[in-house]
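Subject: The structure I promised you

Hi,

Here is the structure we talked about, with some notes on what turned up in it. Have it open while you read.

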Amino acid sequence: MTDVATAENDTEPITASLAAGWQLPAAMYSDPAVYEQEQQVIFPHAWQYVGREKDLAEPGAYLTAQIGDLPIVVVRDRKGVLHGHVNVCRHRLHPVAEGAGCKQLFQCRYHGWTYTHDGSLRSAPGLRDEDAFDRQTLGLRPIQVEAFRGFVFANPDAAAEPLEEYLGGAHALVDELNLDFAEWEHSGTYTYDIPANWKLFTENALECYHCPLVHQDTYATAFHTTKANYHCTEFDNVAVQVAPVTELTERLATRSGLNGFRLLYLWPVTFLSVDDFVGMVARTVPLGADSSRFIVETFVKPGTDPAVLEQWLDIYDRTFAEDKSVVAAQQAGYDCGAVPQGRLMTNCESTIVMFQRRTWTALAHPTTATSPRPAATTIPPDEPTTPAIPIRRTLFEADLRVDAVTTEAEGVVSLTLAPTAGTTLPSWRPGAHVDLCLTDELTRQYSLCGDPDTPDRWTVAVLDAPASRGGSAYVHHRIAAGDTVRVRGPRNHFTLPDAAAYLFVAGGIGITPILPMVDEAERNGRSWRLLYGGRSLSSMAFLDRLEQHGDKVKVQPQDTHGLLDLGGFLATAAPGTAVMACGPTPLLDALHAVRETHDRISLHTERFTAPAQSNLVDTEFDIVLARTGLTLRVAENQSILDTVRDHGVQVLSSCREGLCGTCETPVLDGEPDHRDSVLTEDERGRGDTIMICVSRCTSDRLILDL
């Protein structure tokens, strides 16, 4: 067990205790400081339900909502596009909209500032009398909004991953759940004030281990609730639960063959559930360290007998009242401090395990700032800016000891790196790479290929490439066991997405980032297969490590098998499969070509070298460094990176080919000309970040968070 106080400087003890089946420390359910941190790092960056799409059907239709401490407004414009904004005027911070309705413009009732549906400031009384007033910089702060199954979800973080990516592998299961009840008649809203922390009530709603006892006269009379019948499936941000009906329910419905209870949970606080009579959208609303509110909107299935509906809603109402009573008593146990950390039943409470892991990850490793980034508008030098995503976080950098140099195949050696006294290695996930700072002028990137759950060593593998620019030759011929090497990182631009199934493709030394992905897929019980090619069998590293997986791994050296049959390998992929590939450029180019005929799978690649790009035109343009207001001219034959460095702005960089992501810089305004091999198409489309070592600009200027 561990104490929450350890988390201030060292997150590992709590991380380890969660992995061992213990709960989050009890103090985290009553500490006001933890509650405030949750308001800063969880709710401003998570997808949450805000309303029904049918209530926003007409141009100008809007609704207001609250996400954590943040007031928002969602509106449909005249072209049918949904927009989301922070519901705060940029003048004196008064709301610009109240309740729900239909407006062609939003006008603040305090001083009359007026905004269009897309959030632009249209007018303000006295505007002509103001000097240096640029209304283009004063639009409403944007948030993300998306419609899903007839419901509208919002995320205050304008740079967060799209909802479909957030759903991950659960997206493929949604059709089976038949959650399409948004068009059903709204039957009423139930509100329960909970004298307990929001996490307690949410966890209670995520497990049915308590149902046979607590709900024996309510929920458990309608649905089977034992572990053998109550099925749970967890993903990174989402959980799915299914329970069959009891004989009592069949008698109530006067028929058999019912679908039963189906629930889709979106971390942190949103629940969509449906049965044979009622659909519900519920959410837990945090109100304080030891208080919350549970709001349930109900929808009645067309044709449901009114008498059955009344009885059914009564069952749910009494169930939620029982839950309220249980967690109120539970909160007292958490407050007293007698038991610092409870022990979970991980098989029966697997969704709580998922919830606590996801919550702790957000608290221990926040990856976003505490406020959404401003709209992409021109920012004058005298306006304070708060970047939404501190991409350039302080990276770990230390001298690590080379514990072992091991020959893994012909021309391939691995380095086992261990921390020196007083150094702790940061955690990493499959797909991550580190910089080996070999000399003052020579820094190269190599994928971590060991076990992420081994915290006291890192492993990288290096091919002695004939066309080496110096890095691989240095590793092979000048590094020995006992040496120290400067290491920086890790970074990860090749993350393993949450998916129901995976296909892995590796070419040569491209096996290195794939190895830990294979291990994670196996550990999580996901379906996977690996196609591994190389020049010859003797040149292919880590074959001994892959032997344990049997026929899941297909090894095909080119000298005996020819080129990899990529089309045949992808042909058997189920919809929703994620294809992860790393290898030489011809392999990845061929894989992209094959992928064009498989539109229901996603392809994620990592390259060794930048792909050739033709017909590129380099023109001059301006960059504005938002933190100082400095404007610089980038010449045709100069990169943004070199330009800012020439003016004394220090930016980390490494590959200078757009491969490693070291120089990633937030874009506050302008249109980047992306020429890197790091960003996905969605990330490029957002236009909010740029690799300044190679990418340029298609607009007249870029405003950068430098």
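Which hand does the disulfide of Cys208 and Cys211 have, going by the torsion about its S-S bond? Before the answer, one thing to keep in mind: this is a predicted model.

**The cysteines**

A quick reminder if you need it: a disulfide is a covalent bond between the sulfur atoms of two cysteines. The count here comes to one disulfide. Cys208 is joined to Cys211, with 2.1 Å from S to S. The torsion about that S-S bond is about -100 degrees, so the disulfide is left-handed. Both ends are tucked away: Cys208 is buried at 8% relative accessibility, and Cys211 is buried too, at 4%.

What about some other cysteines? Take Cys232: the closest cysteine sulfur is the one in Cys208, but at 8.1 Å that is too far for a bond. Cys232 is partly exposed, with a relative accessibility of 28%. Then there is Cys663, which has its closest cysteine sulfur in Cys693, 3.7 Å away. That might tempt you to draw a bond, but a disulfide needs the sulfur atoms within 2.5 Å, so 3.7 Å is too far. Cys663 is buried, with a relative accessible area of 4%.

**Helix α1 and what follows**

Now go to helix α1, residues 12–19. Its buried residues are Ile14, Ser17 and Leu18. They cover an arc of only 100 degrees around the axis, which puts them on the same side of α1. Part of the cover over these buried residues comes from α10 (350–364). Just after the helix, look at the backbone of Gly21: its phi is positive, about 100 degrees.

A little further on, in the loop between α1 and α2 (32–41), you come to Tyr29. Is Tyr29 buried or exposed? At 0% relative accessibility, it counts as buried. Apart from neighbours within four places in sequence, Tyr29 is in contact with Leu24, Asn197, Lys199, Leu200, Glu203, Ala289, Gln331, Tyr334 and Gln356. Lys199 deserves a second look, as its charged end sits over the ring of Tyr29, 4.8 Å from the ring centre. There is another arrangement of this kind to find: Arg358 lies over the face of Trp267, 4.1 Å from the ring centre.

To get a feel for the scale, try going from Tyr29 to Ala404. They are 375 residues apart in sequence, and their C-alpha atoms are 45 Å apart in space.

**Strands β15, β16 and β17**

Next, find strand β16, residues 278–288. Eight of its eleven residues are buried, so the strand is largely enclosed by the rest of the structure. On one pairing, β16 runs antiparallel to β15 (residues 270–274), with five bridges between them. If you want one bridge to click on, try Ser273, which has Met280 in β16 as its partner. Three residues make the hairpin connection from β15 to β16.

β16 also pairs with β17 (residues 291–300), again antiparallel, through ten bridges. Here you can look at Thr284, whose bridge partner in β17 is Phe294. The hairpin from β16 to β17 goes through two residues. While you are looking at strands, remember that in a regular strand the side chains alternate between the two faces of the sheet.

**The aromatic rings**

Last stop: the count of aromatic pairs comes to 26. How are the rings of Phe223 and Phe261 placed, stacked or tilted? Their centres are 5.5 Å apart and their planes are at 55 degrees, so the pair is tilted. This pair links distant parts of the chain, since Phe223 is in the loop between α7 (219–222) and β12 (231–234) while Phe261 is in strand β14 (residues 261–266), 38 residues apart. Both rings belong to buried residues: Phe223 has a relative accessibility of 1%, and Phe261 has 5%.

Ring pairs also build a cluster that contains these two. Its members are Tyr192, Phe201, Tyr219, Phe223, Phe261, Tyr265, Phe271, Phe277, Phe294, Trp312, Tyr316 and Phe320. You have already met Phe294 as the bridge partner of Thr284, so that is a handy place to start if you want to trace the cluster on screen.

Cheers, and shout if anything is unclear!

Definitions and conventions:
Residues are numbered from 1 along each chain as its sequence is written. This is a predicted model: local features need pLDDT of at least 70, side-chain atom pairs count only at pLDDT 80 or more; totals for chains, interfaces and linings use all residues. Side-chain values use heavy atoms; hydrogens and water are left out. Buried means under 20% relative accessible area, exposed over 50%, partly exposed in between (1.4 Å probe, protein chains only). Helices (H or I, at least four residues) and strands (E, at least two) are DSSP runs, numbered from the N terminus. The arc is that of the directions from the helix axis to the C-beta atoms. Contact means heavy atoms within 4.5 Å. Two strands pair if DSSP finds at least two bridges between them. Rings of Phe, Tyr and Trp (its six-membered ring) pair if their centres lie within 6.5 Å; planes under 30 degrees apart count as stacked, over 60 as edge-to-face and the rest as tilted. A charge sits over a ring if NZ of Lys or CZ of Arg is within 6 Å of the ring centre and within 35 degrees of the ring normal.
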